[in-house]
Amino acid sequence: MSIQDEYSAEESDLYEGRQRGEMAKALLDNPLWSEAFDHQEQALMEWLRHGTDEQSSEAKQSLHLLDGLKRRLEHHVNTGTMAENRLNFIAEARDKLSRLFAAA
């Protein structure tokens, strides 16, 4: 496999990772998402503080799920940022090679 083939295969995954990161960022930055998430989190915190033992237990589980969802979206954002950085590196390397061979 040539270096060009390796980059081509890698780039496909990188473009997908970047796109998924952009979509996750759009969700996290969306005011309606934030409002809904915060509202649900506050309701669960009230159950945790003032609910029955069963409600408190359910609230803890639900808060854990909400946190996991948010962390997963943040993971996609971070992965997308790393993919963007790698794509920029590849583009710069190709540009340098093109200029090098054009000068030869």
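Which residues make up the largest nonpolar core? Before I answer, please keep in mind that what we have on the screen is a predicted model. The answer is Phe37, Leu44, Ala59, Leu63 and Leu66, which is five residues in all. Two helices, α2, covering residues 31-50, and α3, each supply at least two residues of this core, and the largest share, three residues, comes from α3. As a general background, nonpolar side chains in soluble globular proteins tend to be buried together.

Let me stay with one member of that core for a moment. If we leave aside the neighbours within four places in sequence, leucine 44 is in contact with Ala59, Ser62, Leu63 and Leu66.

Now, how do the two helices lie against each other? The angle at which α2 and α3 pack is about 155 degrees, and their axes are 8 Å apart. Since an angle over 145 degrees counts as roughly antiparallel, α2 is roughly antiparallel to α3. The crossing in which α2 passes α3 is left-handed. On the α2 side the contact is made by residues including Trp33, Phe37, Gln40, Leu44 and Trp47, while on the α3 side the residues include Ser56, Ala59, Ser62, Leu63 and Leu73. If we sort the residues of this contact by character, we find 11 nonpolar, four polar and four charged.

I would like to turn next to two serines, both of which we have just met in that contact. Serine 56 has its place in helix α3, which runs over residues 53-103. Is serine 56 buried or exposed? Its relative accessibility is 13%, and because the cut-off for buried is under 20%, serine 56 counts as buried. Apart from residues up to four places away in sequence, serine 56 touches Trp47, Leu48 and Gly51.

Serine 62 is also found in helix α3, but with a relative accessibility of 28% serine 62 counts as partly exposed. Although serine 62 and glutamine 40 are 22 residues apart along the chain, their C-alpha atoms are separated by 9.4 Å.

Finally, let us move along to histidine 76, which is again found in helix α3. With a relative accessible area of 15%, histidine 76 is buried. Which residues does histidine 76 touch, not counting those up to four places away in sequence? They are Arg20, Gly21 and Ala24.

To go back to where we began, the core of Phe37, Leu44, Ala59, Leu63 and Leu66 draws at least two residues from each of α2 and α3, and these helices pack with their axes 8 Å apart.

Technical notes:
Residues numbered from 1 in each chain as written. Predicted model: local features only at pLDDT ≥ 70, side-chain atom pairs only at ≥ 80, totals over all residues. Heavy atoms only, no water. Helix = DSSP H or I, 4+ residues; strand = E, 2+ residues; numbered from the N terminus. Buried < 20%, exposed > 50% of the residue type's maximum accessible area, 1.4 Å probe, protein only. Contact = heavy atoms within 4.5 Å. Core = buried A, V, L, I, M, F, W, Y, C linked by side-chain atoms within 4.5 Å. Axes fitted to C-alpha atoms, helices over the stretch in contact; angles between N-to-C directions. Parallel < 35°, antiparallel > 145°, perpendicular 65-115°, else oblique. Left-handed = near helix turned anticlockwise from the far one by under 90°. Nonpolar A, V, L, I, M, F, W, Y, C, P; charged D, E, K, R; others polar.
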